[in-house]
Amino acid sequence: MHRAANAHGQASGREFRALTLAALGVVYGDIGTSPLYALREVFASPHHPVPITPENVLGILSLVFWTLMLVISVKYVSFIMRADNRGEGGIMALMALALHEAPDGRLRRAVVMLGLSGAALFYGDGVITPTVSVLSAVEGLEIITPACKPFVIPLALVILVSLFCIQRHGTGSVGRLFGPIMLLWFAVLAVLGLRSIFDAPEVLRALNPAWCFAFLAGHPLLGFFALGAVVLTITGGEALYADMGHFGRRPISVAWFGLVLPALLINYFGQGALLLTDPAAVENPFYLLAPGWALYPMVALSTVATVIASQAVISGAFSLTLQAMQLGYSPRFEVRHTSEQRMGQIYLPAINWLLLAAVIAAVIGFGSSSNIAAAYGIAVTGTMLITNLLAFVVARRAWRWTLGRALLCVVPFVLIDVAFFAANSTKIIDGGWFPLAFGAAVFTVLTTWKRGRQLLHDKLGQDRIQLAPFIRSLSLGGATRVPGTAVFLTGRPEGVPHALLHSLKHYKVLHERMVIVTLRIFDVPYVPEIDRVEVTPLGQDFWQVTVQYGFKDEPDLPEALTHCAQYGLEFDMMDTSFFLGRETLVPRFGKEMAYWRVLLFAALFRNATSITAFFKIPTNRVVELGSQVVL
C-alpha cells in the first residue's frame, strides 16, 4: 500500500505525515481501545480482583506504565522492529527471515514450529479482538441506563455481523477515515484522563517504579494474578511489527511516542485518579471518566474505534493467510482483490466466514467482555513470546551477534513474557482454552497441509522420467508437432511433468513450443519485477521457465510470462494452452503420516481453490489431466 514511499528512503514531509496518520488507523486500533476494559479487569474482574486502595491503585498504574515502556517502547520499537525482512514485519516474515539463516536440521524444524504456532495464535487473537472490543464499547449503554443491558449482546452481534459482511466490498472507500477517527479517539482519551488527573494529581507518583515493586512484593500471589489483566494494556502491540511493511518503522515510532503512548498513559492514570476519588467507579472507569452528557457520543465513538481495531485484525488475518499459502503452509483459498488501485487489499471469503462463525460463538458463549477478556491475554502473550524466540535466532544468525549479546537483549523480554503467559495460564479453564483450541486447530491444518504436500510431491516424483534424456529422444522422431504453445506446471523442473506424459499418451502429439514452468516462492516479501522469470532454452523447442515470487507477492502467471519476451520467448494467450495435473487422493494407512491426518489432508486438497484461479490462468486456456495417487 505504502511500500513505494519506503522503498526509496525517507518519505517527503507530506508523505510522512500521511503515513503517520494512516498508521494511527491501522496499527494502533487494537492497543488504542484497551482502555475500554483493561483497568476494569484488574479491579473488577470476577477472577481475583485487586482491592481498591491507594497503594494498590498506584502499584497497578506503575505496572501499566512500565509494561508499556518495556514491552512496547523498548522491545518492539527499539529491538523487534529492527528484525525486518526487507522492510516487512509480522510473524510469518520473521519466520521466513529466521529460516533463511537456519540450516536444515533441528533448528530449522524448531523455527517452523514456532512460526506456525505464532501464526495459529494470531488467528485466535483475530477472533477475540473484535469480540472483546465491540462488546466493551456497547456495554457503555449499561452505564447510561441498566435497561439497555438486554440489548447489549444483540447489538454487538449486529455490529460484528455487519462488519464481516462488508468485507467483500473492501475498505478503500472508508479506510481514509480511519486515521482521522483514531486521531480524534486518542485526543478524547487524553482530554478525559487529564480532567480526572487534575482532581487527584497524586496519581502521578505511580511513575516511580518503586510502587510497582512494592505492590508485587507486598501481594505476590495477587500481583501474579493481576499480571493476567495488566497484559490487556499491551494487546495489539504485535501490530507495530506486523504492519511495518505498510508504513515503515519511523512513522509507526513517531505515532507511538508522539501521540498514542502519551494518550494511553494519561487515560490510564485518569482512570486511576477516578478510582482514588470514587472507588464505586470501578463498575466501568473508562466511561465514568466522561460527563453524563457525553456518554452517548462516547459510546458511538468507542464503537467506531473498536470496529476500526477489528478491521485491522481481520485484514491482518487475510494477509497472513495469503503469506501462508505462498509459503506452502496453507491450502489455497479464493482470493478476491477489493481495490484496483492498491495492491494488498484482499478478501478471502472462507477465512472471513470462519472468523465470523467463531466470533458469534464467542459472543454468545462468553456473554460479556469481562468473560472473554480472560481468554484474551494467553493468545497475545503466546505470540509475543514466540516473537522473542524467533528474534533471538535472527540476532544470532542474521545479525551475527555473539551469544552473550543476544542473550542479554532477549532474555529480559522472555522473562517478562513468560511471567505474563504464566499469569494468563491460570485462566485457561475460565476462557483461555478458547484461543488455544482455535489456534491448535489452525496449527493442525497448517502442519498437515505442509506434510501432506511433501508426501504427495515425493509420490509423484517416484517414477518420474528425467527431462533432458526425454528431450534428446525426440530428435529420433516419433511425436508429431502441432501449432501452438503448451505450458506445463511442475514442482520438479528436472523431470518430465506428469501432465505432459498423460497428454502425449492420449493425444499422441506435442505442441511446436513446449514450456516447462516451475513456480518458486522465496523467503523474502517481494521479488523485483526484473527477477520475476528465468528462461532457459532446452532444445527441440522446449523451454524451461522459473517464475519467482516473494511470500507477499500476488501470483499472476500470465502476467509473469510476459517477462519472457526479453529472452526471446513470447506468448500469445489465445494460442497457448495450460496443461495441469489434477490428482485424486486415495487415503491409506501408512507410516509417513497418521491416517486421520491423511484424511484431513485429502479433504483440504479436494476443497482447495484450483491452481487456475489462484494463479489467474484463463479458464478457457486450461486442460486438466487427472490421475489417482495413493497417499
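In this predicted model, the buried residues of helix α21 pack against a mixed set of partners: the helix α22 (498–507) and the strands β3 (480–489), β4 (509–522), β5 (533–539) and β6 (542–550). Helix α21 itself runs over residues 467–474, and its buried members are Leu467, Phe470, Ile471 and Leu474. These four lie on the same side of α21, because the arc they cover around the axis is only 95°.

Two of these residues turn up again when the nonpolar cores are traced. In soluble globular proteins, nonpolar side chains tend to be buried together. The largest nonpolar core here holds 182 residues, and those touching the most other members are Tyr28, Ile60, Leu68, Trp185, Phe186, Trp256 and Val545. Helix α7 provides the largest share of this core, with 14 residues. Apart from this core lies another one, of 15 residues, and Ile471 and Leu474 of the α21 segment are among its members, as are Phe579 and Leu625.

Val545 is a good place to pause on the way through the largest core. Leaving aside neighbours within four places in sequence, Val545 is in contact with Val515, Ile516, Val517 and Thr518, with Val533, Glu534 and Val535, and with Leu561, Cys564 and Leu569.

Helix α7, the contributor named above, spans residues 106–138 and includes Thr131. Thr131 has a relative accessible area of 1%, so this residue counts as buried, the cut-off being under 20%. Not counting residues up to four places away in sequence, Thr131 touches Val359, Ala362, Val363 and Ile372.

Cysteines offer another view of the model. A search of the whole structure finds zero disulfides. Cys212 is buried, with a relative accessible area of 9%, whereas Cys165 is partly exposed at 29% relative accessibility.

Stepping back to the whole protein, the fold comprises 25 helices and eight strands. Its C-alpha trace spans about 95 × 45 × 45 Å along the principal axes. The radius of gyration is 27 Å, which agrees with the value near 25 Å for a compact globule of 631 residues. Of these 631 residues, 55% are buried. Contacts also reach far along the chain: among those between residues at least 6 apart in sequence, 82% join residues at least 24 apart. On the outside, the accessible surface comes to about 25900 Å², and carbon and sulfur atoms account for 62% of that area.

Note on methods:
Residues numbered from 1 in each chain as written. Predicted model: local features only at pLDDT ≥ 70, side-chain atom pairs only at ≥ 80, totals over all residues. Heavy atoms only, no water. Buried < 20%, exposed > 50% of the residue type's maximum accessible area, 1.4 Å probe, protein only. Helix = DSSP H or I, 4+ residues; strand = E, 2+ residues; numbered from the N terminus. Arc of directions from axis to C-beta. Contact = heavy atoms within 4.5 Å. Disulfide = S-S within 2.5 Å. Rg over C-alpha atoms; globule rule 2.2 N^0.38 Å. Areas by Shrake-Rupley, 256 points an atom, 1.4 Å probe, with all protein chains shown as cover. Core = buried A, V, L, I, M, F, W, Y, C linked by side-chain atoms within 4.5 Å.
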